[in-house]
Amino acid sequence: MIEPWSAGFSHTGSSAGRSRLDSRDRRLRGHSYLWMLPIYGAGGLFLERLHDRLSGKGVPRWARSLAYMAGIYGLEFGSASLLNRAIGDVPWRYRKGINLHGYVRLDYAPFWYGCGWLFETLECELRKLDRPARKSWRPASGHGSRSSMVAEPPSAAATTAPAEDGGAALRPAARRAAALP
């Protein structure tokens, strides 16, 4: 029996018998190939580089998603070709649908386009985690206007060396930084 998540391609090796969904096994045990680790790793790095390059050039999101789809197809076809040459087999072999040498299924294009679109959204959310924490601010003057609420960056003199008074004029964070060797 072909498992629902693997319909359309067959694995080389033994099949698992009953479907994971039919057995209600919540552990979702399965098998994979160690070859998939570098393939997926390279794919993630490639798509991230592609995103940076295309978004830096101002390419619209719909076109970037098309580029991701093409990149996914290129990685899948290229890695399958290399594996077939290196070990004489491919961990996946598409038998149904519109496929090229059994390496890629062209009828999966809408799915890969949607994955590219979602990748873009996920990447945007993950990049928010890289942002530095907001610095605390205090109003420069007591007027309460919007321009007076913008934090002034510390001057270079206040953060480089302690003053002659032993650093008492420095802000606490600058005083700690100046005291470090």
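**Exercise 1. Is Tyr-108 buried, partly exposed or exposed, and at what relative accessibility?**

Solution. The model is predicted.
Step 1. Take the relative accessibility of Tyr-108, which is 22%.
Step 2. Apply the cut-offs: buried is under 20%, exposed is over 50%, and partly exposed lies in between.
Step 3. Tyr-108 therefore counts as partly exposed.

**Exercise 2. Classify the ring pair of Tyr-94 and Tyr-108, and place both residues along the chain.**

Solution.
Step 1. Count the aromatic pairs. There are five.
Step 2. For Tyr-94 and Tyr-108, the ring centres are 6.0 Å apart and the planes meet at 85°.
Step 3. Planes over 60 degrees apart count as edge-to-face. The pair of Tyr-94 and Tyr-108 is edge-to-face.
Step 4. Locate the partners. Tyr-94 belongs to strand S2 (residues 92-94). Tyr-108 sits in the loop between strand S4 (104-105) and helix H4 (109-127). With their positions 14 residues apart, the pair links distant parts of the chain.
Step 5. Check the cover. Tyr-94 is buried, at 8% relative accessible area, whereas Tyr-108 is partly exposed.

**Exercise 3. Lay out the fold, then test the span of helix H3.**

Solution.
Step 1. Count the elements: six helices and four strands.
Step 2. Read them from the N terminus: β-α-α-α-β-β-β-α-α-α.
Step 3. Take H3, residues 61-87, with 27 residues. At 1.5 Å a residue, 39 Å is expected. From first C-alpha to last, H3 reaches 38 Å, close to that value.
Step 4. Look just past the end of H3. Gly-88 follows, with a positive phi near 80°.
Step 5. Return to Arg-61 in H3 (residues 61-87). Arg-61 lies over the face of Trp-117, 4.1 Å from the ring centre.

**Exercise 4. Which residues form the largest nonpolar core, and which element gives the most?**

Solution.
Step 1. List the 10 members: Leu-47, Leu-50, Leu-54, Tyr-68, Met-69, Ile-72, Tyr-73, Val-104, Ala-109 and Trp-112.
Step 2. Sort them by element. H2, H3 and H4 each give two or more residues.
Step 3. Rank the donors. H3 gives the most, with four residues.
Step 4. Look for a further core. Another one, of eight residues, lies apart from the largest; among its members are Leu-83, Val-90, Trp-92 and Tyr-103.
Step 5. Follow the contacts of Val-104, leaving out residues up to four places away in sequence. Val-104 touches Tyr-73, Glu-76, Phe-77, Tyr-94, Ile-98 and Asn-99. Tyr-73 is a fellow member of the largest core, and Tyr-94 is the Exercise 2 residue paired with Tyr-108.

**Exercise 5. Compare the settings of His-51 and Cys-115.**

Solution.
Step 1. Place them. His-51 is in helix H2 (residues 36-56). Cys-115 is in helix H4.
Step 2. Check accessibility. His-51 is buried, at 10%, while Cys-115 is partly exposed, at 27%.
Step 3. List the contacts of His-51 beyond four places in sequence: Gly-56, Arg-64, Tyr-68, Phe-119, Glu-120, Glu-123 and Arg-127.
Step 4. Use Tyr-68 as a reference for Cys-115. They are 47 residues apart along the chain, and their C-alpha atoms are separated by 8.4 Å.

**Exercise 6. What are the totals for burial, contacts and surface in the protein chain?**

Solution.
Step 1. Burial: 25% of the 181 residues are buried.
Step 2. Contacts: among those with a separation of 6 or more, 48% join residues 24 or more positions apart.
Step 3. Surface: the chain exposes about 13400 Å², with 61% of it supplied by carbon and sulfur atoms.

How values were computed
Residues are numbered from 1 along each chain as its sequence is written. This is a predicted model: local features need pLDDT of at least 70, side-chain atom pairs count only at pLDDT 80 or more; totals for chains, interfaces and linings use all residues. Side-chain values use heavy atoms; hydrogens and water are left out. Rings of Phe, Tyr and Trp (its six-membered ring) pair if their centres lie within 6.5 Å; planes under 30 degrees apart count as stacked, over 60 as edge-to-face and the rest as tilted. Buried means under 20% relative accessible area, exposed over 50%, partly exposed in between (1.4 Å probe, protein chains only). A charge sits over a ring if NZ of Lys or CZ of Arg is within 6 Å of the ring centre and within 35 degrees of the ring normal. The expected span of a helix is 1.5 Å times one less than its number of residues. Contact means heavy atoms within 4.5 Å. Accessible areas come from the Shrake-Rupley method with a 1.4 Å probe; for residues, only the protein chains shown count as cover. A nonpolar core is a set of buried Ala, Val, Leu, Ile, Met, Phe, Trp, Tyr and Cys residues joined through side-chain atoms within 4.5 Å.
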